[in-house]
Amino acid sequence: QVQLMESGGGSVQPGGSLRLSCTASRYKMRYHCMGWFRQAAGKERELVATIAPGSGTTFYADSVKGRFTISQDNAENTLSLQMNSLEPEDTYMYYCAGAEFSIAYAATCAPTPSSFDYWGQGTQVTVSS
């Protein structure tokens with residue numbers, strides 16, 4: 001079955017940077033909407049960013065715009081999230097997500113958790129001094 005696996009989480013001081021990566025098995029990311037979401041204990045999962053297949057169009061939550069960058073390496077079949085200028089408010093479990101629907105080109109991806117079918121196990125990001 002499809003498996004997504006995140007890596008790169010950890011603890012960092014405010015203002016620092018982290019880079020999250022997501023790898024996939026039995027799944028070609030380049031043909032699917034991909035995204036990063038985050039969730040705190042007892043709260044709903046929320047969008048961080050999405051990237052659309054073919055067009056590469058990205059979409060960001062307002063809270064991370066200008067600080068985070070989602071990218072995809074089709075040759076390596078990996079999804080990344082570069083996180084700069086991290087704030088304590090960015091402390092969450094971060095999840096890689098992929099849609100089941102396969103398409104060569106999409107102008108955009110729906111930025112909701114319900115639009116994604118496959119999820120990684122999550123990687124914790126903690127920002128504190």
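User: I have the model open. How many helices and strands does the secondary structure of the protein chain come to?

Analyst: Zero helices and eleven strands make up the secondary structure of the protein chain. Keep in mind that this is a predicted model. Read from the N terminus, the elements are β-β-β-β-β-β-β-β-β-β-β.

User: What about overall dimensions? What radius of gyration does the protein chain have, and what would a compact globule have?

Analyst: For 129 residues, a compact globule would have a radius of gyration near 14 Å, and the protein chain agrees, because its value is 14 Å. The C-alpha trace spans about 45 × 30 × 30 Å along the principal axes. Of the 129 residues, 40% are buried. Sequence separation helps here too: among contacts between residues at least 6 apart, 63% join residues at least 24 apart.

User: Let's turn to a sheet. What is the strand order in the open sheet of four strands?

Analyst: The order is β1-β3-β8-β7, with antiparallel pairing. β1 (3-7) and β7 are the edge strands, each pairing on one side only. From one strand to the next, the twist averages 15°. Inside this sheet, β3 and β8 run antiparallel and are joined by six bridges. To find the register on screen, look for T23, which stands opposite T78 in β8.

User: How do I read the two faces of a strand, and which residues of β11 are on the covered face?

Analyst: The general idea is that side chains in a regular strand alternate between the two faces of the sheet. In β11 (residues 123-127), T123, V125 and V127 form the covered face, while Q124 and T126 form the uncovered one.

User: Which way, parallel or antiparallel, does β11 pair with β2, and which way does β11 run relative to β9?

Analyst: With β2 (residues 10-12), β11 pairs in the parallel sense over three bridges. With β9, β11 runs antiparallel, and three bridges join the two. You can locate each pairing by one residue pair: S11 has T126 as its bridge partner in β11, and M93 has Q124.

User: Now the interior. Which residues of the largest nonpolar core touch the most other members?

Analyst: As background, nonpolar side chains in soluble globular proteins tend to be buried together. Here the largest nonpolar core has 26 residues, and W36, L79, L81, M83 and Y94 touch the most other members. At least two residues of this core come from each of β3 (18-25), β4 (34-39), β5 (46-51), β7, β8, β9 and β11. A second, separate core has nine residues, including F37, A52, A99 and A106.

User: Let me click on Y94. What is Y94 in contact with, leaving aside its neighbours within four places in sequence?

Analyst: The contacts of Y94 are E6, L20, F37, R38, V48, F68, L81, M83, G122, T123 and V125.

User: On to covalent links. How many disulfides does a search of the whole structure find, and how are the bonded cysteines paired?

Analyst: There are two disulfides. With the bonded cysteines numbered in sequence order, the pairing is 1-3, 2-4.
The disulfide of C22 and C96 has its sulfur atoms 2.1 Å apart. Its torsion about the S-S bond is about -75°, so this disulfide is left-handed. C22 sits in strand β3 and C96 in strand β9, so to speak distant parts of the chain, 74 residues apart. Both cysteines, C22 and C96, are buried.The disulfide of C33 and C109 has its sulfur atoms 2.0 Å apart. The torsion about the S-S bond of C33 and C109 is about -90°, so this disulfide is left-handed. C33 lies in the loop between β3 and β4 and C109 in the loop between β9 and β10 (118-119), so the pair ties together parts that are 76 residues apart in sequence.

User: Is C33 buried or exposed, and is C109 buried or exposed?

Analyst: The cut-off for buried is under 20% relative accessible area. C33 has 14% and is therefore buried, and C109, at 5%, is buried as well.

User: Last, the backbone. Which phi does N77 have, and which phi does S85 have?

Analyst: N77 is not a glycine, and yet its phi is positive, about 55°. You will find N77 in the loop between β7 (68-73) and β8 (78-83). With a relative accessible area of 14%, N77 is buried.
S85 is not a glycine either, and has a positive phi of about 50°. S85 lies in the loop between β8 and β9 (92-98), and is partly exposed at 41% relative accessibility.

Note on methods. Residues are numbered from 1 along each chain as its sequence is written. This is a predicted model: local features need pLDDT of at least 70, side-chain atom pairs count only at pLDDT 80 or more; totals for chains, interfaces and linings use all residues. Side-chain values use heavy atoms; hydrogens and water are left out. Buried means under 20% relative accessible area, exposed over 50%, partly exposed in between (1.4 Å probe, protein chains only). Two strands pair if DSSP finds at least two bridges between them. A nonpolar core is a set of buried Ala, Val, Leu, Ile, Met, Phe, Trp, Tyr and Cys residues joined through side-chain atoms within 4.5 Å. Contact means heavy atoms within 4.5 Å. Axes are lines fitted to C-alpha atoms, for helices over the stretch in contact, and angles run from 0 to 180 degrees between N-to-C directions. A disulfide is a pair of cysteine sulfur atoms within 2.5 Å. The radius of gyration is taken over C-alpha atoms; the globule rule is 2.2 Å times the number of residues to the power 0.38.
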